[in-house]
Amino acid sequence: MTNKRSSLKLVPEISRNIVVVGGFILFALGFYFFLGQIIEPPCCDANQYIEIANKYNLDGMLSIKEGLRTFGYPWLLSIIFKISHISNLPASLLVFLAQLTIYFLAIFFVANVASHYSMKMSAIIYLALCINIFVIPYAGVTLTDSLYVSISIMIFAVAMEMDFLHHLSGPITTNKVFLISFLLCLAITIRPASIWLVLPVFYCLARLIYKGSIGVFETSLALLFGSTPLLIQIVINVTNFHVVSFLPVQDLGGAQIKWGIQNIKYGTWLGGGSPHNYYPSSNLINATGDSLSWYLNNRLDACKLLFFKLIGAFDFDYLMPYPYHQPRYKWVVSFFSFTIFWLGIYGVFLHLYTNKLLLLGSRFMPLVIFISWCSVSLSSALELRFTLPLISYFIIVACAVTDLILSTRNKKHIYSVVGGWVVFMPVFYLVSEFIRAQSTVIQ
């Protein structure tokens, strides 16, 4: 760890060449996927967000009674569409550039935080996230996922930064609390499923209050101002539906749980026939439940289902949000996603027992993030895009694990991480082979 300092640097201590190379790779990959989506355009939710954003511009936000979605993402899209109208630039291009630029800034932010622990790790994390081929295809699509991932990365970075300042025994300014709370509330109004981020943020703030690094009153005040996006959503729901809630009025929770029991995962398919690609769980379990009580009443089947869903969540059989074609190399991408998954899981428990991955903050924080994500995502009708914030976080964890092993050359860590990878990779592939065989799209 570097010498103790009272404040963070404004830019990461990595060479300009690395910044340029990483940025070039990121935007080149993004443009490649963007061109593919022009030739074979998205559908469904992506088009619905465009319709809502256009209605915002025509009739105003409060005049649109949308009970299924929150205001955050359509509102941001409406701003981009206004800029497109004024500048005569294609709206799709502006959406792509805006979302990829925000993702780049999120990468830059977390690299800045990482530079205080290791400049080498900072560069590795920066480059690894610049070639994050799992997230990049979503930058050119009018779906919430790209912004959702970018904001999630920023939240992780702010939490790590606050923990760093705590270790310096310096006070944590109120603006840090405001920033993390504002990002959290903004994420929820963009994608309500990001409510799983509440637990990691609460754990971070509660721990810092307990340690005396931040005060209760200052934290409460910062949280109040940071909750502005949620207050706007409450006003919209009260005005249009007479419901005091910051979540969508049309609740899909029950349906999501039912679909999550009946299917291991789900995807949209545009290669012909039905656009729905289900992976039914009927050949794995007795999938007759439609509520959370099913998990308590069928504990063995519940464990099997959750295990298979967790593996399936990291089996990227499709990279594109709306695939038209079967991938040529059906298992190559999953080789990388499963490797990231293993290094992420290994890092979560390594830090839990050793507290040596200092970049990740408290020894419990990675576990809190993992469990919180699982509790919301695995119980729902799982789609690969739900995994994007966790696999991005696991990339950060994997870089921290790799840096620790390379710097300490601890043979115990080397044998355990390599041995575990050798043992578990065949398991991941066997489970995924079964899941793919359930697909209603011909493999």
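**Exercise 1. In this predicted model, decide whether W75 is buried, partly exposed or exposed, then classify its ring pair with F71.**

Step 1: W75 has a relative accessibility of 35%. Buried needs under 20% and exposed needs over 50%, so W75 counts as partly exposed.

Step 2: Do the same for F71. Its relative accessibility is 6%, so F71 counts as buried.

Step 3: Now the rings. The centres of F71 and W75 sit 6.3 Å apart, with the planes at 50°. Stacked would need under 30 degrees and edge-to-face over 60, so this pair is tilted.

**Exercise 2. Work out the geometry of the F341 and F394 pair, and find which helices hold the two residues.**

Step 1: The ring centres of F341 and F394 are 6.5 Å apart and the planes meet at 35°, so this pair is tilted.

Step 2: Place the partners. F341 belongs to helix α14 (residues 332-354) and F394 to helix α16 (residues 388-408). With the two positions 53 residues apart, the pair links distant parts of the chain.

Step 3: Check accessibility. F341 comes in at 4%, which makes it buried, and F394 is buried too, at 0%.

**Exercise 3. Find which cysteines form a disulfide, and say why C399 is left without a bond.**

Step 1: The cut-off for the sulfur pair is 2.5 Å. C43 and C44 have their sulfur atoms 2.4 Å apart and form a disulfide. The structure holds one disulfide.

Step 2: Get the handedness. The angle about the S-S bond is -55°, and the link of C43 and C44 is left-handed.

Step 3: Look at the accessibility of each partner. C43 is buried at 15%, whereas C44 is partly exposed at 33%.

Step 4: Try C374. It is in no disulfide, and the nearest cysteine sulfur, in C303, is 13 Å off. C374 is buried, at 15% relative accessibility.

Step 5: Finish with C399. The closest cysteine sulfur, in C130, is 11 Å from its own, so that is too far for a bond. C399 is buried as well, with a relative accessible area of 7%.

**Exercise 4. Describe the lining of the second largest pocket.**

Step 1: Start with the volume, about 680 Å³.

Step 2: Take the 24 lining residues; those closest to the pocket centre are Y32, F33, L319, M320 and P327.

Step 3: Ask which element gives the most to the lining: helix α1 (residues 16-39), with five residues.

Step 4: Sort the lining by type, which gives 16 nonpolar, four polar and four charged residues.

How values were computed: Residues are numbered from 1 along each chain as its sequence is written. This is a predicted model: local features need pLDDT of at least 70, side-chain atom pairs count only at pLDDT 80 or more; totals for chains, interfaces and linings use all residues. Side-chain values use heavy atoms; hydrogens and water are left out. Buried means under 20% relative accessible area, exposed over 50%, partly exposed in between (1.4 Å probe, protein chains only). On a 1 Å grid over the protein atoms alone, a cavity is a set of points where a 1.4 Å probe fits but cannot get out, and a pocket is an open set with protein on both sides within 12 Å along at least five of seven lines; lining residues have an atom within 4 Å of a point. Grid points are joined across faces, edges and corners, and a volume is the space filled by probe spheres set on the points. Helices (H or I, at least four residues) and strands (E, at least two) are DSSP runs, numbered from the N terminus. Ala, Val, Leu, Ile, Met, Phe, Trp, Tyr, Cys and Pro count as nonpolar, Asp, Glu, Lys and Arg as charged, and the others, Gly among them, as polar. Rings of Phe, Tyr and Trp (its six-membered ring) pair if their centres lie within 6.5 Å; planes under 30 degrees apart count as stacked, over 60 as edge-to-face and the rest as tilted.
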